[in-house]
Amino acid sequence: MWKYPKSLLQLLSLCLIIIVSMSGIGRSQVTVDITKGNVEPLPIAIADFQGEGAQRQLADDIVSVISANLKNSGLFRPIEKAAFIQNITDPDVVPRFEDWRLINAQALVTGRVVRANDGRLRAEYRLWDVFGGDQMSGQQFFTTPKNWRRVAHIISDAIYERLTGEKGYFDTRIVYVDETGPKNKRVKRLAIMDQDGANGRTLTRGSDLVLTPRFSPTRQEVTYMSYEGGLPRVYLLQIETGQRELVGNFPGMTFAPRFSPDGLKIVMSLQKGGNANIYSMDLRSRQTTRLTNTAAIDTAPSYAPDGDRIVFESDRGGRQQLYVMSAGGGNAQRISFGVGSYSTPVWSPRGDLIAFTKLSGGKFLIGVMKPDGSKERILAEGFHNEGPTWAPNGRVLMFFRETPGASGGPKLYSVDLTGYNERLIPTRSFASDPAWSPMLE
Amino acid sequence: MSSSAIAQTGIRISANSLRAVLVIVAGLFLAGCATKKLPTNSNDLGLNGAAPGTHQDFTINVGDRVFFETASSSLTPVAQATLEKQAQWLIKYVNYPVTVEGHADERGTREYNLALGARRAAATRDFLAARGVSRERMRTISYGKERPVAVCNDISCWSQNRRAVTLLSTPTG
């Protein structure tokens, strides 16, 4: 089974060198306009990367991952290799742009993979504007050979950023709940995988029920709920070391945890009798602050990226609705007013939108609205969709969709903010409660 | 499938697994605690093989669970009647610590259902306490929608899952 190296530094020792453009920078015109609803994917040619000997296979694998990433984003259409006219033999030589124009490639990626003298892998790429006849960007990366997937993701992000003008999201991971066994005896384990479903592994053994893992925005750390010892409470887990820690020592069930944007606080619900209120806890001082005080169920809190406000769900008005309050508590304003009830709000990392689960007409929908409650849009419909999480660029969401009945279960899906390009994320078994990591560093 | 058929299926399973244990437990009490109100011979074993004061007696003759309407933690008249019987039984047999489990059906979101299950468990516990069962004997736990007993995609299953179950622990003293 795949394992992360012990030292994160080792993992992250990806050196980056900008490859100087060979034909001057600027004048490039090729960009993807991603502000429209259903964009026409940009035709892009990804030529085979050069690679000798043991690097040949790695070069092909890296190209495959880059191609899949760009295709899965819904914004690019990698052109079949069979259509290529020019066979790129030297990625440092300016390509014959006319050959690539003929097959209508708007952009071209070339590259190579070599083994450096110190045993590390050197992967480099160049991105060309075919119709502008220009190099748009070029970089090389050094890493250990087993990190080849990360290099492929980083190159994918660089291409995505250069062509869309937005941050990428390919070099990220997903923590989620892996579900096995029959529906009335589900075994649930925390699990982690790359954003594309690769490199999956479980983080807990399955002896205790675990729910709602959430990534720290600043560290390789997860907060989640566990029934360990028969007491349902919120924990912290260090992903690299496996070290676990109870968050606070509250008298009742603690649940629905989430980090503050600076990673220094956890906000969560504390159950007392029939009602649940929201508390924050400073992870350094261990000081807890009560943020709501009602006889209702106040839960699923999520900070705005500036840390000033918190969105949460409450049934204080009868059914579950979304409310926004200041991060110190108080002055909660209801923001959801559509037909149905609303829950699991999650503030976008860009701050401009709040994603939610909506229960309406017997269906569970995924949608987004502005923080003032306006401009509600539904992105995914059906029998049961739940629990959205944002990619760090605020452009793509992931959620789980449950199929009904005894043999049914949840699977993970991603969808573009526009509501297009819904995709199943491959997992080894049923999967729920996805949480997107920040960009790896 | 009707809801009562499902409930009986659940009971039959627990009765089978309990039967062997029951004989052993009864034997132990005969040896060590002859003064207590426990079955002293096989004639005391009532219908269904449930001896008074046993887990099985509670589950079969009293009813260990109550059901709720969608998104509600209000105790229905049927639920209240069951809990009245539970309270009488628990007051009679004072040595059982009690755990009240609250559950929700799958037609809700995860976090809310955790709180809803807790609310149902608390409502059940509070009713029993108001009828004289000591609060110190009772703890509550919510499993939200994580532990369904019925798994079909049907209202009959969902209504079976919206429940609070009164679980007896090993008797003290």
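**Exercise 1. Work out how chain B is put together, starting from its contacts.**

Step 1. Take the contacts in chain B (heavy atoms within 4.5 Å) between residues at least 6 apart in sequence: 72% of them join residues at least 24 apart.

A quick word on the ground rules: this is a predicted model, where local features need pLDDT of at least 70, side-chain atom pairs count only at pLDDT 80 or more, and totals for chains, interfaces and linings use all residues. Residues are numbered from 1 along each chain as its sequence is written, chains are lettered from A and ligands numbered from 1 in the order in which they are written, and side-chain values use heavy atoms, with hydrogens and water left out.

Step 2. Now the secondary structure. Chain B has five helices and four strands (DSSP runs numbered from the N terminus: H or I of at least four residues for helices, E of at least two for strands). Along the sequence they follow the pattern α-α-β-α-β-α-β-α-β.

Step 3. Finish with exposure. Chain B has 173 residues, and 49% of them count as buried (under 20% relative accessible area; exposed is over 50%, partly exposed in between, with a 1.4 Å probe and protein chains only). Its accessible surface is about 8,300 Å², with 59% belonging to carbon and sulfur atoms (Shrake-Rupley method, 1.4 Å probe; for residues, only the protein chains shown count as cover).

**Exercise 2. Describe the interface of chain A and chain B.**

Step 1. Get the area and the head count. The two chains bury about 2,600 Å² between them, 58% of it on carbon and sulfur atoms; that is the accessible area (1.4 Å probe) that two parts lose on being put together, summed over both. Chain A puts in 43 residues and chain B 26 residues.

Step 2. Look for charge pairs. Six salt bridges cross the interface (a side-chain nitrogen of Lys or Arg within 4 Å of a carboxyl oxygen of Asp or Glu). One of them pairs A:Asp315 with B:Arg119, with the closest N and O atoms 3.0 Å apart.

Step 3. Widen the net to polar contacts. You get 16 residue pairs between the chains, both residues at pLDDT 80 or more. The criterion is a pair of N or O atoms within 3.5 Å; within protein, one must be able to donate a hydrogen and the other to accept it, and residues adjacent in sequence count only if both atoms are side-chain atoms.

Step 4. Ask which parts of chain A do the touching. Strands E11 (210-215), E15 (254-259), E23 (341-347), E24 (354-360), E25 (363-369) and E31 (430-436) each supply at least two residues. E11(A) gives the most, with three residues.

Step 5. Sort that side of chain A by type: 19 nonpolar, 15 polar and nine charged residues. Here Ala, Val, Leu, Ile, Met, Phe, Trp, Tyr, Cys and Pro are nonpolar, Asp, Glu, Lys and Arg are charged, and the others, Gly among them, are polar.

**Exercise 3. Place A:Ser302 in its surroundings.**

Step 1. Find it: A:Ser302 sits in strand E19 (residues 298-303) of chain A.

Step 2. Check the exposure. With a relative accessible area of 3%, A:Ser302 is buried.

Step 3. List its neighbours, leaving out residues up to four places away in sequence. A:Ser302 touches A:Arg258, A:Arg309, A:Ile310, A:Val311, A:Pro345, A:Val346 and A:Trp347. Its side chain also reaches the backbone nitrogen of A:Trp347 at 3.1 Å.

**Exercise 4. Go through some of the 37 salt bridges over all chains.**

Step 1. Start with A:Arg149 and A:Asp196, N to O at 3.1 Å. A:Arg149 lies in helix H4 (residues 148-164) and A:Asp196 in the loop between strands E9 (187-194) and E10 (201-202), so the pair ties together parts 47 residues apart in sequence. A:Arg149 is partly exposed at 22%.

Step 2. Next, A:Glu179 and A:Lys188 meet at 3.3 Å, N to O, and both residues are buried.

Step 3. In chain B, take B:Asp126 and B:Arg135, at 3.0 Å, N to O. B:Asp126 is partly exposed at 31% relative accessibility, and B:Arg135 is partly exposed at 43%.

Step 4. Look for shared partners. A:Asp90, A:Asp92, A:Arg112, A:Arg122, A:Glu124 and A:Arg126 are joined into one network by salt bridges.

**Exercise 5. Locate A:Lys375, a residue other than glycine with a positive phi.**

Step 1. Its phi is near 55 degrees.

Step 2. A:Lys375 is in the loop between E25 and strand E26 (377-380) of chain A, and it is exposed, at 62% relative accessible area.
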